[in-house]
Each structure stands twice: as structure tokens, then as C-alpha cells.
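Trainee: Hi, do you have a moment to go through this one with me?
Mentor: Sure, let's put it on the screen.

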Amino acid sequence: MPIKTIVRHKVLVVDESRCHACQSCMVACSLVHEGQVIPSLARIQVQFDPFTGRQRILYCRQCKRAACARACPRGAIQFVEQGGYWALDESLCDGCGACAQVCPFHAMIWSPADHRALKCDTCQGDPACVASCPNHALTWEDK
């Protein structure tokens, strides 16, 4: 089998020092993907520690060799050539969680209500999280 070259056009760049943990990225993401504000189902997660005042942003890096895609026994995570991103075909996902277990960035989200994995698809190349960030902590840059 020939080795497939994966070309990513743009990448999400995160500057945590600019993040104020407002969670507007999570609101925008859940609105786009779920049709309602459910921050726990956002494909980007801002974890804020009120004791230290620090936050951590968990997001999909759209890895060149995506561990989540390799771990999926159903082949539900496929690379979309035209957009240069990995996407989850929810109709193929059986909710086994293998993708979430292997993601080194903890970027796979689990929906407990319908037992399915959720994965960032970069909003097909126009990430809502970037557009909604008032502090420009998220940018969408050429690779």
C-alpha cells in the first residue's frame, strides 16, 4: 500500500497567555455543531483553575498521523483531502472510545447522552472558535 501524503493547509494556533477563559470558543463550537449552547460538547475545551488563575486549552491538533484515526476499529475518522482536516463520520462511530483513549492531547470529546465521540473538524476550514475569541488567543494560520 503506498504511503499517503497528508497536506494540511492551515492549523489552529493557540496562545494560552492571551486566553481569559471566557469560553466564547466553547459556546461558538457547540452552537455550530450541536445547534445549542452545550459547552461540554464543544470540540475545544477550556479548563480553568480558579485557584491558580491558569487555564489549559484542549483542542485537536489535526495530527499528520492521527492516533485517533488509527485506533478507530470502524474507520469512522477519515482525512478530508480538500480541506486538509480529519473528520469523524458519526454514522460509523459505535462509541467504543478507542479514539479518546489514544489521543495524546485529550481532544476527543465524549457525549454521554448519545454515547458518541465528537471530534473537531475545523468547521471545514473556517473555525467558529477562532472567529469568536475576543482576545485573539486562537488564530487560524497557514501551515
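Mentor: Before we count anything: helices here are DSSP runs of H or I with at least four residues, and strands are runs of E with at least two, numbered from the N terminus. Keep in mind that this is a predicted model.

Trainee: Got it. So how many helices and strands are in the protein chain?
Mentor: The protein chain has 4 helices and 8 strands. Along the sequence they follow the pattern β-α-β-β-α-β-β-α-β-β-α-β.

Trainee: And what radius of gyration does the protein chain have?
Mentor: It is 15 Å, which agrees with the value near 15 Å for a compact globule of 143 residues. The C-alpha atoms fill a box of roughly 50 × 35 × 30 Å along the principal axes.

Trainee: What share of the residues counts as buried?
Mentor: 43% of the 143 residues do. As for the surface, the protein chain exposes about 8300 Å², with 53% of that supplied by carbon and sulfur atoms.

Trainee: How about contacts between residues 24 or more positions apart?
Mentor: Those account for 59% of the contacts with a separation of 6 or more.

Trainee: Switching to cysteines: how many disulfides are there?
Mentor: The count is 0. For Cys19, the nearest cysteine sulfur is that of Cys25, 6.4 Å away. A disulfide needs the sulfur atoms within 2.5 Å, so that pair does not qualify.

Trainee: Which cysteine sulfur is nearest to Cys25, then?
Mentor: That of Cys129, also listed at 6.4 Å, and Cys25 is in no disulfide either.

Trainee: Is Cys25 buried or exposed?
Mentor: Buried, with a relative accessible area of 7%. Cys19 counts as buried too, at 12%.

Trainee: Now rings. How many aromatic pairs does the structure hold?
Mentor: There is 1 aromatic pair. Phe79 and Trp86 form it, edge-to-face, with 5.2 Å centre to centre and 70° between the planes.

Trainee: Why is it called edge-to-face?
Mentor: Because planes over 60 degrees apart count as edge-to-face, and here the angle is 70°. Phe79 is buried at 8% relative accessible area, and Trp86 is buried at 10%.

Trainee: What sits over the ring of Tyr59?
Mentor: The charged end of Arg61, 3.9 Å from the ring centre.

Trainee: Last one: where is Thr122?
Mentor: In the loop between strand S7 (116–118) and helix H4 (128–132). Thr122 is buried, at 5% relative accessible area. Leaving aside residues up to four places away in sequence, Thr122 touches Gln62, Tyr85, Pro127 and Trp140.

Note on methods: Residues are numbered from 1 along each chain as its sequence is written. This is a predicted model: local features need pLDDT of at least 70, side-chain atom pairs count only at pLDDT 80 or more; totals for chains, interfaces and linings use all residues. Side-chain values use heavy atoms; hydrogens and water are left out. Rings of Phe, Tyr and Trp (its six-membered ring) pair if their centres lie within 6.5 Å; planes under 30 degrees apart count as stacked, over 60 as edge-to-face and the rest as tilted. Buried means under 20% relative accessible area, exposed over 50%, partly exposed in between (1.4 Å probe, protein chains only). A charge sits over a ring if NZ of Lys or CZ of Arg is within 6 Å of the ring centre and within 35 degrees of the ring normal. Contact means heavy atoms within 4.5 Å. The radius of gyration is taken over C-alpha atoms; the globule rule is 2.2 Å times the number of residues to the power 0.38. Accessible areas come from the Shrake-Rupley method with a 1.4 Å probe; for residues, only the protein chains shown count as cover.
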